[in-house]
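Colleague: Could you take me through the salt bridges in this model, please? I would like a close look at who pairs with whom and how the partners sit.

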Amino acid sequence: MNNEITVCITFDFDADSVQVRQLEEPGRISKGLFAIRRGIPRILSLLNKHEIKATFFLCGWVAEKYTELTKEIIANQHEIAAHGYLHENFDTLSIYEEKAIIDNTTRILGEFTEKIYGFRAPYFKLSSNTLKLLTEAGYIYDSSLMADDHPYILSFPESRSKMIEFPVEWFLDDWVIFESHQHSPKVALDIWKSQFDNFLEMEDIPPNHRIINYTFHPACIGHAYRINVLDRLISYMKTKNAKFTRMVDVAKSLFTE
Ligand SMILES: [Zn+2]
């Protein structure tokens, strides 16, 4: 058995964008603010402890409002990628609205780093125009779809362009596990470790495509007992020689295959 495996740890840094867009009351907004006060600092310190680099999907509005934390993410050599401007639901927008949001967010995030390569749709919801607009804006990967369990190519023959898709899954998303279902830390760790272990054994995945990614939210995983689960998951995967990489680095290598 070839036990080569690459892990992309990703964070959707929403902060209070969802609550602000929905004009919610201070109590609901404060749940998003946990990401700012505790979530991001704890995550950065955990990643630092394990000496691994990750990908953070940011709303443009979050980068504008929390400039110092955004700079800190980049100073630690993590990748920042796009996640809408104010956590919009892309499948409810006109193509013009989508284009304006993508262009605006790309410009805002681009002020922090040399280039933005990746996108994840808020709520994992794209419209039929989103991917085309992203390729036109220079994006090389998306991470919102679920058609496979390892990265695949999305081709757009009319524009002769392509993108890499890093598929997501609900059971690999901390919000679903901890907030929607209130699973225990044991169940969360069991699910996430099981997928990793079994993925490693799948003979229908070429060894150089054994790439798995997890979705976390700072306002969720940042809580004490949950960050401990992530710590234990990373430690476990390290014992199996997992290589931890930012999505952009994997996307660039797959693009040239
Ligand atoms: Zn989000």
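**A close look at the salt bridges**

Modeller: Happy to! Let's start with Asp249, which is partly exposed at 31% relative accessibility. Its side chain meets that of Arg246 in a salt bridge, with 2.9 Å from N to O. Arg246 counts as partly exposed too, at 22% relative accessibility. Please keep in mind that this is a predicted model.

Salt bridges that share partners also join Lys31, Glu179 and Arg226 into one network. Within that network, the side chains of Glu179 and Arg226 meet at 2.8 Å, N to O. Glu179 belongs to helix H7 (residues 174–180) and Arg226 to helix H10 (residues 224–239), so this pair ties together parts that are 47 residues apart in sequence. How accessible is Glu179, buried or exposed? Glu179 has 18% relative accessibility, and because the cut-off for buried is under 20%, Glu179 counts as buried. Arg226 is buried as well, with a relative accessible area of 5%.

For a pairing inside one helix, turn to Asp190 and Lys186, whose closest N and O atoms are 3.3 Å apart in their salt bridge. These two residues are four apart in helix H8 (residues 185–201), so about one helical turn separates them. Here Asp190 is partly exposed at 39% relative accessibility, while Lys186 is exposed, with a relative accessible area of 59%.

Taken over the model, the count comes to 12 salt bridges, and the pairs described here are among them.

Conventions. Residues are numbered from 1 along each chain as its sequence is written. This is a predicted model: local features need pLDDT of at least 70, side-chain atom pairs count only at pLDDT 80 or more; totals for chains, interfaces and linings use all residues. Side-chain values use heavy atoms; hydrogens and water are left out. A salt bridge is a side-chain nitrogen of Lys or Arg within 4 Å of a carboxyl oxygen of Asp or Glu. Buried means under 20% relative accessible area, exposed over 50%, partly exposed in between (1.4 Å probe, protein chains only).
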